[in-house]
Amino acid sequence: MTEAEFDFHSPLSRWDTHSAKWDLLAAPLGRKTLALSVADMEFRTAPAVIEAVETAAKLGSYGYTEVFDDFRQSAANWQHRRHGWTPDPHDCVFFPRIVQCVAALVHLIIPHRTGRPARVVTLTPAYHPFLEVCEYAGASIESVELLDTTSKARIDFEALESAMTRADLFLFTHPHNPSGRVWSQKELEKISAIARAHDILILSDDIHADFTRSNGVPYLPLARISPDLWQEGRILHCTSPSKTFTIAGLEASAIFARGQIIDELEKAKRQLGLHNPNYFAIPAAIAAWNYSDQWVDALQDRIDTNIRATRDLLATELPEAHVTDPEGTYLLWVDARPYAPTAAHLEQACRSSRVLVTPGQEFGTNFEGFFRINTAMPLDPLLQAVRHFSRALIRVRNGRIHASF
Ligand SMILES: Cc1ncc(COP(=O)(O)O)c(C=O)c1O
């Protein structure tokens, strides 16, 4: 089926649904706000997922549920079909959310193994909630800043290796949010070599793996590139239907790993009281992974079109900004410092245009004046929001709207 056969155009209002993106974060700017912020898509999910949730809802009785082999098998089959990697379904652990898996590692598993707080290395700009759970666990966090984040972001391997000599865990995102890089085989091999040399556990967060574009390198799971690290239990490969199918609120993720760490994850999950999945999580995830390939193919085309159109518009509206041409994800990362040297400028442009973007400093202290745009929404309102926001940025720069410092 092609994109035209699925609906990526109809407006979808999520106001008054207890939405974090709209009812909490966008509401202070007023009901006319357009949110290009949180990484939820503004499309309805795949037909098979809606049907599974409707069938489950119609039962009218929502007791405790459990994770059975069909979930693990569907998760493994998806990896095989979509990413050419064939994990054993028995090497799959359910977690509601990937962030809870990170929490299990830094609060429980690593301190239990080592007798001291976890030492974590990550690449910035970074998805912030992971770092927050590390901070709450008393873990030390060493951030290695990516180079050239708005062109083709690069890893400073010397700095990474130096940081890895002092670490237990490398929090790795592939494809990378917000730069949109899909790491190449060569880069994955270098990361593996460093991890091998310094005996590091790698959490590979591949939540955006289903969004790749034709302009870049193909997505390859790290576990497929480094089967030795995989076999030794030194890779936690985190997958989830939540971004691909816009079902983050249902909370289902599948963590693949080998050996002893599986038991450690299962135990930590119980210690954290995460005994059962949400009633809708398992049927939705299975329907997503088993019956929605064509919808995802069409979605990828739609995202590609949206990214191209948004980049073209930004090139016209904000010619001095630097904008990524992402290989993966549905996100654009923009260096807008010529227009918004401070966070206050950016915030003022959001308020004045009633368009919410994610400010760069949420991804690391050195990214004031950057912002992230989520392009996964119907094209017309997306372009309208980008146009309004860009023009507001220019008015702020020209002093026609004052940033309140
Ligand atoms: C890179 C990345 N990892 C993880 C998450 C969240 O995953 P979860 O809700 O399963 O914790 C997000 C959400 O935006 C993300 O962008």
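What follows is a conversation about a predicted model of one chain and how its descriptions are justified.

Visitor: How do you know that the chain is as compact as a globular protein of its length?

Guide: The secondary structure of the chain comes to 14 helices and 13 strands. Its radius of gyration is 21 Å, and the globule rule gives 22 Å for 405 residues, so the two values are close and the chain counts as being as compact as a globular protein of that length. The C-alpha trace spans about 60 × 55 × 35 Å along its principal axes, and buried residues make up 51% of the 405 residues.

Visitor: What share of the contacts between residues at least 6 apart in sequence join residues at least 24 apart?

Guide: In this chain the share is 73%.

Visitor: How do you know that the length of helix α7 agrees with its number of residues?

Guide: Helix α7 runs over residues 185-198, and at 1.5 Å a residue its 14 residues should span 20 Å; the end C-alpha atoms are 20 Å apart, which is why the two are said to agree.

Visitor: What makes the buried residues of α7 lie on the same side of the helix?

Guide: The buried residues of α7 are L188, I191, S192, I194 and A195. They cover an arc of only 160° around the axis, and therefore they sit on the same side of α7. An α-helix has 3.6 residues a turn, so residues three or four places apart point the same way. Cover for the buried residues of α7 comes from elements including α6 (157-164), β5 (169-173) and β6 (201-205), while the face turned away from the buried side carries the exposed residues Q185, K186 and A197.

Visitor: Why are the buried residues of α5 said to line one face?

Guide: In helix α5, residues 128-136, the buried residues are F130, L131 and C134. Seen down the axis of α5, these fall within an arc of 95°, so they line one face of the helix. Among the elements that cover them are α4 (98-114), β3 (119-124) and β4 (140-145), together with β5.

Visitor: Why is H18 called exposed, and what is notable about its phi?

Guide: A residue is exposed if 12 or fewer other C-beta atoms lie within 10 Å of its own, and H18 has 9 of them within 10 Å, so H18 is exposed. H18, found in the segment before α1 (20-26), has a positive phi of about 60° although it is not a glycine. Most residues other than glycine have a negative phi.

Visitor: What makes R354 partly exposed?

Guide: The class lies between the exposed limit of 12 and the buried limit of 20, and R354 has 18 C-beta neighbours inside 10 Å, so R354 counts as partly exposed. R354 lies in the loop between α13 (343-353) and β11 (355-356), and its phi is positive, near 55°.

Visitor: Why are the bonds before P175 and P178 called cis?

Guide: The peptide bond from H174 to P175 is described as cis, with omega near -5°, and the one from N177 to P178 as cis, with omega near 15°. P175 has its place in the loop between β5 and α7, and P178 lies in that loop too. Most peptide bonds are trans.

Visitor: Which residues are closest to the ligand?

Guide: There are 13 residues around the ligand, and the closest are A39, R97, I98, V99 and N177. By class, this shell has 6 nonpolar, 5 polar and 2 charged residues.

Technical notes:
Residues are numbered from 1 along each chain as its sequence is written. This is a predicted model: local features need pLDDT of at least 70, side-chain atom pairs count only at pLDDT 80 or more; totals for chains, interfaces and linings use all residues. Helices (H or I, at least four residues) and strands (E, at least two) are DSSP runs, numbered from the N terminus. The radius of gyration is taken over C-alpha atoms; the globule rule is 2.2 Å times the number of residues to the power 0.38. Two residues are in contact if their C-beta atoms, placed from the backbone, lie within 7 Å. A residue is near a molecule or strand if its C-beta atom, placed from the backbone, lies within 6 Å of it. Ala, Val, Leu, Ile, Met, Phe, Trp, Tyr, Cys and Pro count as nonpolar, Asp, Glu, Lys and Arg as charged, and the others, Gly among them, as polar. The expected span of a helix is 1.5 Å times one less than its number of residues. The arc is that of the directions from the helix axis to the C-beta atoms.
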